[in-house]
Amino acid sequence: MDFDDFRGRVERIDKLAASGDDRALLSELNGLAESDLPDLDRARLLCQAAQAHERLGEADRALAAYDRAAALETPHRRFQAAFRKSDYLMRLGRKDESRDILKSLLERPEATLSERHSFEARIKLLRRVA
């Protein structure tokens with residue numbers, strides 16, 4: 001896929017997101033996430049798909065999309081999808097799972113000091129959340 005094609009499809013995704021049609025958005029996101037795009041582009045699209053599944057109340061599908069995105073990011077030493085999954089698990093009330101992800105992120109050598117501070121703050125927040 002060339003950049004112009006990619007840009008056009010991203011513009012369509014943006015319009016679908018603005019329209020609130022999450023089903024159509026998911027169709028477009030999933031198709032593009034299965035394309036020959038670089039891993040990190042595909043991971044970003046899968047995170048957007050996870051958020052659409054969240055809005056539709058499809059927790060299992062949202063978590064699966066986050067997992068697919070994390071699998072694409074990990075070889076590139078990135079962890080945005082795992083962090084977002086942790087946040088979603090916290091909102092679902094699944095504190096232990098959320099905490100486990102955050103603890104694993106703290107162990108990642110590529111995490112910056114600011115990121116580590118954010119992880120630690122979230123872990124403390126999970127201790128306080130009822």
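In which hand, left or right, does H5 pass H6? In this predicted model, the crossing turns out to be left-handed. The two helices, H5 (residues 80-91) and H6 (residues 95-106), bring their axes within 8 Å and cross at roughly 155°. Since angles over 145 degrees count as roughly antiparallel, that puts H5 roughly antiparallel to H6. On the H5 side, the contact is built from Ala82, Phe83, Lys85, Ser86, Leu89 and Met90; H6 answers with Glu97, Ser98, Ile101, Leu102 and Leu105. Sorted by class, seven residues of this H5 contact with H6 are nonpolar, two are polar and two are charged.

Earlier in the chain sits helix H2, which runs over residues 22-33. Its twelve residues reach 16 Å from the first C-alpha to the last, close to the 16 Å expected at 1.5 Å a residue. The buried residues of H2 are Asp22, Leu25, Leu26, Glu28, Leu29, Leu32 and Ala33. An α-helix has 3.6 residues a turn, so residues three or four places apart point the same way. Among the elements covering the buried residues of H2 are helix H1 (3-19) and helix H3 (39-55).

H1 and H3 also pack with each other, at an angle of about 10° and with axes 13 Å apart. With angles under 35 degrees counted as roughly parallel, H1 is therefore roughly parallel to H3. Here Phe6, Val10 and Ile13 of H1 meet Asp41, Arg44, Leu45 and Gln48 of H3. The residues of this H1 contact with H3 split into four nonpolar, one polar and two charged.

Definitions and conventions
Residues numbered from 1 in each chain as written. Predicted model: local features only at pLDDT ≥ 70, side-chain atom pairs only at ≥ 80, totals over all residues. Heavy atoms only, no water. Axes fitted to C-alpha atoms, helices over the stretch in contact; angles between N-to-C directions. Helix = DSSP H or I, 4+ residues; strand = E, 2+ residues; numbered from the N terminus. Parallel < 35°, antiparallel > 145°, perpendicular 65-115°, else oblique. Left-handed = near helix turned anticlockwise from the far one by under 90°. Contact = heavy atoms within 4.5 Å. Nonpolar A, V, L, I, M, F, W, Y, C, P; charged D, E, K, R; others polar. Expected span 1.5 Å × (residues − 1). Buried < 20%, exposed > 50% of the residue type's maximum accessible area, 1.4 Å probe, protein only.
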